[in-house]
Amino acid sequence: MGLYDTLVARASCPHCAFEFEGEFQTKALGSTLGMYRMGDVIETEDFVIKDVTIRNCIEICERCNKEFYADFSAKNGRLQALLAIKKGET
């Protein structure tokens with residue numbers, strides 16, 4: 001998958017309902033191997049994060065090993081919330 005950034009959030013797998021602290025991968029933030037939790041300032045050399053939705057961040061469930069995706073919001077340069085979870089193709 002190469003370089004990516006990680007967004008950490010509690011989530012429930014849409015396949016098996018297992019709840020765990022997910023580490024969702026995204027390339028939307030510049031792929032600098034940053035790790036962000038809710039409230040963290042998102043730092044990137046390429047652009048300034050203001051108000052944005054970060055879509056289709058991927059995670060694999062710890063219990064059932066199926067992939068799923070999440071959308072996150074960022075406001076005023078900080079990771080704010082996990083907005084939605086959806087099933088992957090597997």
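Mentor: Before we dig in, contact means heavy atoms within 4.5 Å. We're looking at a predicted model, where local features need pLDDT of at least 70, side-chain atom pairs count only at pLDDT 80 or more, and totals for chains, interfaces and linings use all residues. Residues are numbered from 1 along each chain as its sequence is written, and side-chain values use heavy atoms, with hydrogens and water left out.

Trainee: OK, which residues does G39 touch, not counting residues up to four places away in sequence?

Mentor: Start with its place: G39 sits in the loop between β3 (35-37) and β4. It is partly exposed, at a relative accessible area of 34%; buried means under 20%, exposed over 50% and partly exposed in between, with a 1.4 Å probe and protein chains only. T26 is 13 residues away in sequence but 17 Å away in space, C-alpha to C-alpha. Leaving out residues up to four places away in sequence, G39 touches R78 and L79.

Trainee: Let's zoom out. How many helices and strands does the protein have?

Mentor: Both are DSSP runs numbered from the N terminus, helices being H or I with at least four residues and strands E with at least two. Read from the N terminus, the elements go β-β-β-β-β-β. So by that definition the count is zero helices and six strands.

Trainee: What is the radius of gyration of the protein?

Mentor: It is taken over C-alpha atoms, and the globule rule is 2.2 Å times the number of residues to the power 0.38. For 90 residues that rule gives 12 Å, and the protein comes close to it, so it is as compact as a globular protein of that length. Along the principal axes, the C-alpha atoms fill a box of roughly 35 × 25 × 20 Å. The radius of gyration itself is 13 Å.

Trainee: Now the rings. How many aromatic pairs does the structure hold?

Mentor: Rings of Phe, Tyr and Trp (its six-membered ring) pair if their centres lie within 6.5 Å; planes under 30 degrees apart count as stacked, over 60 as edge-to-face and the rest as tilted. By that test, the number of aromatic pairs in the structure is four.

Trainee: Take F20 and F68: how many residues apart in sequence are the parts that the pair ties together?

Mentor: That pair is edge-to-face, 6.2 Å centre to centre with 85 degrees between the planes. F20 lies in strand β2 (residues 19-26) and F68 in strand β5 (residues 67-75), so the pair ties together parts whose separation in sequence is 48 residues.

Trainee: Are F20 and F68 buried or exposed?

Mentor: F20 has a relative accessible area of 3%, which puts it in the buried class. For F68 the relative accessibility is 0%. Both residues, then, are buried.

Trainee: F68 pairs with F24 too. What is their distance, centre to centre?

Mentor: F24 and F68 are edge-to-face, with 85 degrees between the planes, at 5.7 Å centre to centre. F24 lies in strand β2 and F68 in strand β5, so this pair ties together parts that are 44 residues apart in sequence. Both rings belong to buried residues. The distance you're after is 5.7 Å.

Trainee: And which residues do ring pairs link into a cluster?

Mentor: We've met F20 and F68 as a pair, and F24 with F68 as another. Following the ring pairs, the cluster is made of F18, F20, F24, F68 and F72.

Trainee: Which residue in the loop between β1 (5-12) and β2 has a positive phi?

Mentor: Most residues other than glycine have a negative phi. N65, in the loop between β4 (52-60) and β5, has a positive phi of about 60 degrees although it is not a glycine. In the loop you ask about, the residue has a phi near 70 degrees and is exposed at 58%. That residue is A17.

Trainee: Last one: what share of the protein's residues count as buried?

Mentor: E67 in strand β5 counts as buried at 19% relative accessibility, whereas G2, in the segment before β1, is exposed at 54%. Of the contacts with a separation of 6 or more, 52% join residues 24 or more positions apart. Out of 90 residues, the buried share is 37%.
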